[in-house]
Amino acid sequence: MSVPADRPARPIAIIGGTGPAGMGLALRWVRAGETVIVGSREENRAVQAAASIKGRVGETARISGMENSAACAAADILMLTVPFAGQASLIKRLKPSITAGSILIDATVPLAAEVGGRASRTLGVWQGSAAEQAAELVPKDVSVVAAFHNVSADLMGGDNPLDCDVIVCSDDSDAARLTCELAAKIPGIRPIDAGKLENARIVEQITALLVGLNMRHKGHAGIRITGLPPAAYS
Ligand SMILES: NC(=O)c1ccc[n+]([C@@H]2O[C@H](COP(=O)([O-])OP(=O)(O)OC[C@H]3O[C@@H](n4cnc5c(N)ncnc54)[C@H](OP(=O)(O)O)[C@@H]3O)[C@@H](O)[C@H]2O)c1
């Protein structure tokens with residue numbers, strides 16, 4: 001079962017939301033009028049992170065902070081932004097708190113740097129990708145979407161529009177559509193539905209390439225896909 005794409009306003013819980021990737025998404029979605037819960041292993045850290053975003057966006061910002069399991073229980077749209085090294089154990093711990101029918105959007109990149117390897121390389125993942133690992137671990141009625149791997153957290157945490165595409169992969173087309181809608185709320189981001197979750201294997205690898213480009217050229221690289229019919233970008 002999946003969340004209908006024509007959803008009423010519902011909170012987005014960002015699990016591991018205190019890091020640069022989660023904070024950037026939280027900032028952009030709160031600015032777009034979404035209700036966001038920042039999740040953390042420590043409630044205090046989550047509350048402080050939420051307060052810092054409220055400080056930037058203003059008092060009307062709909063954002064709060066909670067410990068990760070409470071955040072999961074309070075939302076049915078979950079955005080996972082944790083290092084690969086902690087992804088599996090965190091999902092296993094949070095599993096009882098994940099609401100039936102939730103969607104989990106996963107941005108995890110299995111970078112080799114997490115185990116002392118090169119930042120511009122990825123680790124082999126038994127399931128094929130971090131997103132497929134997540135899909136194996138969530139409750140059966142939870143849909144996993146892979147997205148936001150190729151967006152610079154530095155740029156997302158800033159004030160300017162971005163200039164990149166977000167490749168969205170899922171075996172649940174409704175969940176993919178909802179994720180595309182959320183991505184399109186961020187100025188300068190253009191979501192593209194790339195089909196099945198298995199394609200996350202490629203998208204996660206692209207991040208390693210972008211990390212290498214950033215190191216070589218001292219930038220914040222993103223990607224744009226060209227040559228598709230207009231409907232693919234809408
Ligand atoms: N940074 C980027 O530009 C970027 C872009 C695209 C995708 N990504 C991917 O998005 C994910 C998050 O990136 P990030 O740079 O924000 O990472 P990060 O700062 O290293 O971690 C994000 C948050 O995850 C929590 N965390 C750390 N280790 C954990 C563990 N072992 N178990 C559970 N939670 C843990 C921490 O929150 P608490 O301590 O508060 O719990 C931390 O603030 C990564 O998989 C990364 O590859 C990053």
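Gly19 meets the ligand through its backbone: an N or O atom there lies 3.2 Å from a ligand oxygen. That pair is a polar contact (N or O atoms within 3.5 Å). This is a predicted model, in which local features need pLDDT of at least 70, side-chain atom pairs count only at pLDDT 80 or more, and totals for chains, interfaces and linings use all residues. Residues are numbered from 1 along each chain as its sequence is written, and side-chain values use heavy atoms, leaving out hydrogens and water.

**Ligand contacts**
- The side chain of Arg45 places an N or O atom 2.8 Å from a ligand oxygen.
- A polar backbone atom of Val109 is 3.3 Å from an oxygen atom of the ligand.
- The ligand alone exposes 880 Å², and the protein buries 75% of that (Shrake-Rupley method, 1.4 Å probe).

**The shell around the ligand**
- The ligand has 20 residues around it (a heavy atom within 4 Å), and Thr18, Ser40, Arg41, Arg45 and Val82 come nearest.
- Nine shell residues are nonpolar, nine are polar and two are charged. Gly counts as polar here.

**Cysteines**
- The structure has zero disulfides (two cysteine sulfur atoms within 2.5 Å).
- Cys164 is in no disulfide, and its nearest cysteine sulfur, that of Cys180, is 13 Å away.
- Cys164 is buried, at a relative accessible area of 4% (buried is under 20%, exposed over 50%, partly exposed in between; 1.4 Å probe, protein chains only).
- Cys72 is buried too, with a relative accessible area of 1%.

Conventions
A polar contact is a pair of N or O atoms within 3.5 Å; within protein, one must be able to donate a hydrogen and the other to accept it, and residues adjacent in sequence count only if both atoms are side-chain atoms.
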